[in-house]
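Biologist: I should like to request a close look at one part of this structure, namely its charged pairs and their surroundings. Please take the sequence and the model together.

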Amino acid sequence: MHPIKGRPTPVTPYTPPTQDQLLAIRVNAGIEELAQSERFANAEADLVEAIVDGVGQFAAGEFAPLNRVGDLEGAELENGVVRLPEGFEPAYHAYVEQGWNAIASPEEFGGQGLPFTLSCNVLENLGSANMAFTLLPMLSVGAIEAIGHHGSKDQQAKYMPDLVSGKWSGTMNLTEPAAGSDVGALRSTAEPITEGEHAGKYRIAGQKIYITWGEHDLAENIIHLVLARLPDAPEGSRGISLFLVPKYHVNDDGSLGNRNDVRCVSLEHKLGINASPTCVMSYGDNGECIGELVGAENRGLMAMFTMMNNARINVGNQGAQIAERATQQAIYYAMDRVQSARAGSPDKTPVAIIEHPDVRRMILRMKALTEGVRALLYYCAGQVDRGTIGDEAACERAEVLVPLVKAWGTDIGVEVSGIGIQVHGGMGFVEETGAAQHWRDSKIAPIYEGTNGIQAADLVTRKLGMSGGEAVIGLFDEIAQDASNEAGLAGLASDCANIARWMRDEASLDDRLAGSTAFCTMAAVAVAGWQMLRQVRAVAEGAAPALAETKPVTTRFFLDHIVPEAAGLRASAISGSDLLYALSADKLAG
């Protein structure tokens with residue numbers, strides 16, 4: 001309990017939604033089919049259940065109690081060192097010691113080699129318990145991906161084991177003060193070193209902003225992945241290289257050496273995720289920041305996008321995380337808050353507000369949207385895992401799904417946490433209840449890893465161009481066929497397929513971009529509704545008996561309420577760009 005204005009602040013407990021997670025992992029990700037492959041043979045049913053249950057209990061016991069204190073006290077910069085509130089360090093060490101960081105990493109570096117699907121579940125539980133804290137392991141997972149795919153054998157041997165265990169953490173450094181979403185405008189430099197102990201490496205110089213967990217005292221070392229330019233590199237994104245810059249130099253025997261010339265200049269003061277230090281990082285203030293080239297020269301953006309693609313799915317996961325936690329808190333409050341008699345009831349005794357129709361509507365909407373994001377998330381994760389074992393069609397399907405998971409998932413995180421405040425009424429608008437924290441925390445996710453507008457643009461350009469458009473169109477044709485007994489969902493899928501054909505065959509680039517956000521939402525809802533339909537069919541056949549009553553209702557709500565709303569976006573998706581440019585910028589601003 002932490003006092004606000006002299007009153008105790010309640011900490012609503014986190015209850016892991018284990019049964020719904022297991023259903024999504026089995027039905028949407030298809031974990032049992034994955035376990036039949038040699039690569040994922042260890043993902044047997046007993047182990048999957050143990051992981052989902054175990055990490056859920058760990059998150060509830062270790063991460064969740066720190067969520068509120070992290071928001072109230074936040075991260076603080078003291079003499080160049082970022083300090084976290086009491087309790088964060090032992091919780092992180094317990095996370096490392098129990099092996100949760102190593103779930104999906106390669107076995108040769110100490111990982112468990114399990115499906116990405118299970119790594120998603122670890123992050124989902126940890127993030128629902130404490131989203132700000134979970135950004136630390138989430139970024140490390142991305143660093144492992146980038147070094148694992150693009151690092152040299154020596155770099156992998158030197159850095160991967162401790163990153164995999166979580167003993168060390170990782171970051172990604174793209175953004176600079178003069179280069180936001182336009183990464184090609186960055187100015188950080190890398191000068192080759194030809195003599196001395198660091199010959200063959202590079203001197204890095206520059207400043208990076210918005211570096212999540214760029215400095216902290218929880219891990220023994222921090223491995224920064226930094227985008228910079230070599231001398232005479234081409235302009236724009238074609239001239240960017242990726243460099244590995246450790247906080248502490250690593251000796252040949254694996255021990256830590258001296259501090260590198262990298263420091264945290266300041267922490268951003270943010271709307272939310274206050275326990276996650278968002279750092280301004282300065283490299284080479286003294287001319288001695290030493291980095292190693294990762295991958296080929298001028299191919300850094302490609303290497304970084306390996307990390308970003310993984311991160312985009314994990315950011316979409318944050319939508320599910322924050323929606324779950326906000327939903328649980330809203331239900332907890334609605335069950336406890338007694339106000340007014342039920343409308344039309346002869347009994348005038350006041351009832352818990354969850355008995356009132358509009359509160360029921362809000363709670364049911366929160367649950368249906370949260371379950372929809374989860375179903376979409378694990379469907380995407382399962383496709384990623386199939387791609388890992390050589391299924392090219394699944395790999396392509398995953399590419400199409402990534403912008404849907406990231407954009408719609410995070411939009412839903414914001415919507416659901418906002419509804420959570422509404423359920424609380426006036427008590428939601430004051431900080432005392434903690435409901436506002438979820439909304440404040442949720443607002444960063446639509447911005448992370450390429451804004452949601454960029455995700456929608458990616459869908460109608462690069463993704464729509466895959467396989468001549470059939471990668472996108474084929475997905476919606478499949479949904480329409482499988483959901484033929486659900487007219488609303490089948491109609492939405494058919495609309496998505498037709499819009500995709502129009503964008504491919506007739507629309508200008510401006511027209512596609514003008515309709516991209518509406519189309520992305522329609523597409524995501526169609527896939528999520530399809531995956532929930534698959535869930536309810538499985539439940540009807542005996543899967544997840546604990547959900548036999550609830551899943552048909554939340555799915556029905558999704559199909560009868562959310563799907564028609566998405567279908568209503570058709571006009572916006574095909575309206576074109578003329579109206580957007582009917583006014584000059586000056587007249588629009590005036």
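Does R386 count as buried or exposed, and at what relative accessibility?

Modeller: R386 counts as buried, its relative accessibility being 11%. Because the cut-off for burial is under 20% relative accessible area, this value places R386 in the buried class. The model is predicted, and what follows should be read as a description of that model.

The partner of R386 is E33: the two residues form a salt bridge whose closest N and O atoms are 2.8 Å apart. E33 belongs to helix α2 (residues 31-34) and R386 to helix α10 (residues 357-388), so this contact ties together parts that lie 353 residues apart in sequence. The two ends of the pair fall in opposite classes, for E33 is exposed at a relative accessible area of 52%, whereas R386 is buried. In general terms, side chains of opposite charge can pair when their charged atoms come close. In total, the count for the model is 33 salt bridges.

Helix α10 also supplies R365, which forms a salt bridge with E415. The closest N and O atoms of this pair are 2.8 Å apart. E415 sits in helix α11 (residues 392-424), and the link to R365 in α10 spans 50 residues. Here R365 is buried, with 12% relative accessibility, while E415 is partly exposed, with 28%. Beyond such single pairs, salt bridges with shared partners join D20, E124, E324, E371, R374 and K551 into one network.

A further pair, K247 with E215, has its closest N and O atoms 3.0 Å apart. K247 occupies the loop between β7 (241-246) and β8 (248-250), and E215 the loop between β5 (202-212) and β6 (221-228), so the salt bridge connects parts 32 residues apart in sequence. In this pair K247 is buried at 7% relative accessibility, and E215 is buried as well, at 2%.

The loop that holds K247 follows strand β7, and this strand merits attention too. Six of the six residues of β7 are buried, so the strand is largely enclosed by the rest of the structure. In a regular strand the side chains alternate between the two faces of the sheet. In β7, S241, F243 and V245 point one way, while L242, L244 and P246 point the other way. Strands β6 and β7 run antiparallel and are joined by six bridges; within this pairing, L227 stands opposite L242. Strand β12 (residues 290-294) also pairs with β7 in the antiparallel sense, over three bridges, and L293 in β12 is the bridge partner of F243.

Charged residues appear again around an internal void. The structure holds two cavities of 30 Å³ or more, and the second largest has a volume of about 40 Å³. Its lining comprises N67, G70, D71, N130, A132, I273, N274, A275, Q437 and D441. By class, these are three nonpolar, five polar and two charged residues. Helices α4 (67-73) and α13 (435-442) each supply at least two residues of that lining, and the largest share, three residues, comes from α4.

To return to the original point, the buried residue R386 is joined to the exposed residue E33 by a salt bridge.

How values were computed: Residues numbered from 1 in each chain as written. Predicted model: local features only at pLDDT ≥ 70, side-chain atom pairs only at ≥ 80, totals over all residues. Heavy atoms only, no water. Salt bridge = Lys/Arg side-chain N within 4 Å of Asp/Glu carboxyl O. Helix = DSSP H or I, 4+ residues; strand = E, 2+ residues; numbered from the N terminus. Buried < 20%, exposed > 50% of the residue type's maximum accessible area, 1.4 Å probe, protein only. 1 Å grid on protein atoms, 1.4 Å probe; cavity = no way out; pocket = protein on both sides within 12 Å on 5 of 7 lines; lining within 4 Å. Points joined across faces, edges and corners; volume = space filled by probe spheres on them. Nonpolar A, V, L, I, M, F, W, Y, C, P; charged D, E, K, R; others polar. Pairing = 2+ DSSP bridges.
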